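I opened a new notebook page for this structure. I went through the core, the rings, the backbone and a few single residues.

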Amino acid sequence: MLEQPRRRFNNLALFGIAALVAGRGQSASAQTVAEFAALLAAPHRRPGNVERDRFRHPAETLAFFGLRPESVVVEILPGSAGYYLEILAPYLREHGRYVAASRDPTAPANYLDDHRKLLERLKAEPALYDRVEVTEFLADRHRIAADASADFVLTFRNLHNWIERGEVEGALRSFHRALKPGGILGVVDHRGRTDQSQEAQMKSGYVRQDYAVAVIEKAGFALAGSSEVNANPKDGKDHPEGVWTLPPTYRLKDVDRTKYQAIGESDRFTLKFVAR
């Protein structure tokens, strides 16, 4: 009995987003933080994701990367929580294209379960997600999109995993192959300490910014800009369980929870690269 009101609510939200996009023209200069911020108020967003906006700064991050409503955007491993999925899929629905590069069938069971939940979510909310394309991703084993078809490839807090597993070079090859010449790779990840080697802090989930830039540029990208929008000077990066000590994971559960809550989510670099 609640299905019809929910669908009508989502349709109203989509109408508002479409009107916003239509009124802003095609100029990239019109893509302001305020316009992206308006999308964050859409009623379909999950409360847990909304709560994280103050740490993840999605409006500022997307504006920095330079997305436009007609862009072809591939997000790497959006997961069933769908933080950026909720924003990007409706934003790109009418004039652009959103591709969710999700799990490979050989992934561990917990990852495949999350992939299944993502597919169920897309099916359950067609007014928002009926045009989302889902592809497979695992290093360079698959094509995440047709060659030279994407304007943007975006990855959030994944780089540290690929470095640890020895998959980062393959992943970057996959991204480069999918991007058009001059396309943008947007990367956000936990920023590591400069007084320790990358190897020394690998298990903590942090990545040295200079290390990340070097690895990505070696793969055929040029650094086009960096932003401090996701910086957190409160993060001392010396936590017992690494980045997972902090919210939203709280790996220590209730131990010193108030302390880590006051710190907030990890300090992060936000980098924009151009495919050469």
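**Entry 1: the core**

I began with Ile-76 and set aside its neighbours within four places in sequence; the residues in contact with Ile-76 are then Ala-101, Phe-137, Ile-144, Val-153, Leu-154, Thr-155, Asn-158, Trp-162 and Phe-175. I note here that the model is a predicted one.

Next I looked up the largest nonpolar core. It has 33 residues, and Ile-76, Leu-159, Phe-175 and Leu-185 touch the most other members. I then listed the elements that each supply at least two residues of this core. Among them are the strands β1 (72-76), β2 (97-103) and β5 (179-190). The helices α8 (159-165) and α10 (209-218) are also on that list. Helix α9 gives the largest share of this core, with five residues.

I also found a second core, separate from the first, with 29 residues. Ala-89, Tyr-98, Tyr-129 and Leu-154 are included in this second core. I wrote one general remark beside these entries: nonpolar side chains tend to be buried together in soluble globular proteins.

**Entry 2: the rings**

How many aromatic pairs are there? I noted a count of seven. I took Phe-137 and Phe-175 as my example. Their ring centres are 5.9 Å apart and their planes are at 25 degrees; stacked pairs have planes under 30 degrees apart, so this pair is stacked. The pair links distant parts of the chain, with Phe-137 in strand β3 and Phe-175 in helix α9, 38 residues apart. Both Phe-137 and Phe-175 are buried.

I then turned to a cluster. Tyr-83, Tyr-84 and Phe-156 make up one aromatic cluster. Tyr-83 has a charge above its ring as well: the charged end of Arg-45 sits over it, 5.6 Å from the ring centre.

I looked up another charge over a ring. Arg-257 lies over the face of Tyr-250, and the distance to the ring centre is 3.8 Å.

**Entry 3: the loop between β6 and α11**

I stayed with Tyr-250, which is placed in the loop between β6 and α11. Is Tyr-250 buried or exposed? Its relative accessibility is 11%, and the cut-off for buried is under 20%, so Tyr-250 counts as buried. Its phi is near 50 degrees, a positive value in a residue other than glycine.

Lys-253 is found in the loop between β6 and α11 too. Phi of Lys-253 is near 60 degrees, again positive in a residue other than glycine. Lys-253 has a relative accessible area of 62%, and exposed means over 50%, so I marked Lys-253 as exposed.

I checked the peptide bonds here as well. The bond from Pro-247 to Pro-248 is cis, with omega near 10 degrees. Pro-248 is in the loop between β6 (221-227) and α11 (257-263).

**Entry 4: two single residues**

I looked up Ser-149 in the loop between β3 (133-137) and β4 (150-156). Ser-149 counts as buried, at 13% relative accessibility. Leaving aside neighbours within four places in sequence, I found Ser-149 in contact with Val-72, Arg-97, Ala-178, Leu-179 and Lys-180.

My last residue was Glu-169, which lies in helix α9 (residues 168-178). Glu-169 is partly exposed, with 45% relative accessible area. How far is Glu-169 from Lys-218 in space, C-alpha to C-alpha? I wrote down 9.0 Å, with the two residues 49 apart in sequence.

Terms used: Residues are numbered from 1 along each chain as its sequence is written. This is a predicted model: local features need pLDDT of at least 70, side-chain atom pairs count only at pLDDT 80 or more; totals for chains, interfaces and linings use all residues. Side-chain values use heavy atoms; hydrogens and water are left out. Helices (H or I, at least four residues) and strands (E, at least two) are DSSP runs, numbered from the N terminus. Buried means under 20% relative accessible area, exposed over 50%, partly exposed in between (1.4 Å probe, protein chains only). Contact means heavy atoms within 4.5 Å. Rings of Phe, Tyr and Trp (its six-membered ring) pair if their centres lie within 6.5 Å; planes under 30 degrees apart count as stacked, over 60 as edge-to-face and the rest as tilted. A charge sits over a ring if NZ of Lys or CZ of Arg is within 6 Å of the ring centre and within 35 degrees of the ring normal. A nonpolar core is a set of buried Ala, Val, Leu, Ile, Met, Phe, Trp, Tyr and Cys residues joined through side-chain atoms within 4.5 Å.
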